Amino acid sequence: MIDRDSCHSFETRTSCPLCHEDLVIKWQGDEIPFFGEVMYITALCKCSFRFADTIILSQKEPMRYELKVEGLEDLNSRVVRSTSGTIRIPELGIDVEPGSISDSYITNIEGVLDRIYKVVITATKWSVDDDAKHSRGLEVQEALEEAIDGKRSLTIIIEDPFGNSAIISDKAKSRVLSSEELEHLKTGMIVFDVNSSEMELDASDSEHQLKE
């Protein structure tokens with residue numbers, strides 16, 4: 001058990017799951033204004049294995065957050081995305097789902113859109129031989145560019161079965177996820193839902209794999 005009062009930061013040791021050498025895990029506590037206490041967890045092994053996560057210590061219920069992004073001010077809204085968080089943009093048919101090597105991060109809405117934009121560029125380049133997928137990728141790129149410039153409205157949804165992700169904004173709507181919703185949460189891919197022209201891409205930072 002973590003004693004929050006006695007240790008704001010500390011280290012623990014375990015075996016690396018890849019090379020089985022000694023692995024140091026660093027724990028760093030922090031306080032996010034208007035939100036609460038969080039714990040950053042990081043580990044990096046010389047064999048290249050890495051892990052990072054953010055745990056919100058004050059929130060444990062499975063949560064869903066939704067924000068309508070309607071202008072530049074909304075782009076500054078803070079986002080906490082843990083390794084268990086799923087991000088959705090329903091207007092574009094995009095789901096960003098966590099995988100086994102996903103990283104957590106704290107950023108803002110603009111930062112989230114920029115991360116997705118870079119992955120869409122990669123997916124579009126890989127689909128150059130498929131006219132439908134390539135055309136769809138270019139459309140999504142344009143939509144994301146407009147949203148980042150504050151010229152297009154989008155809805156950002158974050159769902160987390162462990163309650164460790166959130167959108168921090170007075171405009172954000174939040175509620176507890178139902179058991180039915182929890183059953184449909186998946187892991188591992190960014191998916192462009194274009195009916196018969198589906199494109200899926202592993203959204204991890206270290207490796208990208210196009211799925212047929």
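Me: Two strands pair if DSSP finds at least two bridges between them. How many bridges join strand 7 to strand 10?

Reply: A word on the model comes before the strands. This is a predicted model, in which local features need pLDDT of at least 70 and side-chain atom pairs count only at pLDDT 80 or more, while totals for chains, interfaces and linings use all residues. Residues are numbered from 1 along each chain as its sequence is written, and side-chain values use heavy atoms, with hydrogens and water left out. Strands (E, at least two residues) and helices (H or I, at least four) are DSSP runs numbered from the N terminus. Here, strand 7 (residues 86-89) is joined to strand 10 (residues 154-160) by three bridges, and the two run antiparallel. In this pairing Ile87 faces Ile158 of strand 10.

Me: What does strand 7 form with strand 8?

Reply: The two form a hairpin, with four residues between the strands. Strand 8 (residues 94-96) is paired with strand 7 in the antiparallel sense, over three bridges. Arg88 lies opposite Asp95 of strand 8. In the turn, Gly93 has a positive phi of about 65°.

Me: Are the residues of strand 7 that point either way buried or exposed?

Reply: The terms rest on relative accessible area: buried is under 20%, exposed is over 50%, and partly exposed is in between (1.4 Å probe, protein chains only). In strand 7, Thr86 and Arg88 point one way, Ile87 and Ile89 point the other way, and all are buried.

Me: Which residues are linked with Arg88 in a network of salt bridges?

Reply: In general, side chains of opposite charge can pair when their charged atoms come close. A salt bridge is a side-chain nitrogen of Lys or Arg within 4 Å of a carboxyl oxygen of Asp or Glu. The structure holds twelve of them. One network links Arg88 with Arg64, Glu66, Asp95 and Glu159. Within this network, Arg64 is bridged to Glu159, with the closest N and O atoms 3.4 Å apart. That pair connects distant parts of the chain, for Arg64 is in strand 5 (residues 63-69) and Glu159 is in strand 10, 95 residues apart. Arg64 counts as buried because its relative accessibility is 15%, and Glu159 counts as buried because its value is 8%.

Me: Why are Asp114 and Lys118 separated by about one helical turn?

Reply: The spacing in sequence gives the reason: Asp114 and Lys118 are four residues apart in helix 2, so about one helical turn separates them. Their side chains meet in a salt bridge, at 3.3 Å from N to O. Asp114 is partly exposed at 28% relative accessibility, whereas Lys118 is exposed at 52%. Another salt bridge is that of Arg175 with Glu181, where the closest N and O atoms are 2.6 Å apart. Arg175 is partly exposed at 37%, and Glu181 is partly exposed at 24%.

Me: How is the sign of phi to be read, and where does His20 lie?

Reply: Most residues other than glycine have a negative phi, and most peptide bonds are trans. In His20, phi is near 70°, a positive value in a residue other than glycine. His20 lies in the loop between strand 1 and strand 2 (22-32), and is exposed, with a relative accessible area of 61%. Ser48 has a positive phi of about 100°, although it is not a glycine. This serine, Ser48, is in the loop between strand 3 (36-44) and strand 4 (50-56), and counts as exposed at 57%.

Me: Which residues form a negative surface patch?

Reply: Patches are made of residues with over 30% relative accessible area and no salt bridge; like charges are joined within 9 Å, and nonpolar side chains (Val, Leu, Ile, Met, Phe, Trp, Tyr) within 5 Å. Areas come from the Shrake-Rupley method with a 1.4 Å probe, and for residues only the protein chains shown count as cover. Lys and Arg count as positive and Asp and Glu as negative, while His and the chain ends are not counted. The place of a charge is taken as NZ of Lys, CZ of Arg, CG of Asp or CD of Glu. Here, Glu110, Glu142, Glu145 and Asp149 form a negative patch. Glu142 belongs to helix 3 (residues 131-148) and is partly exposed at 47%.
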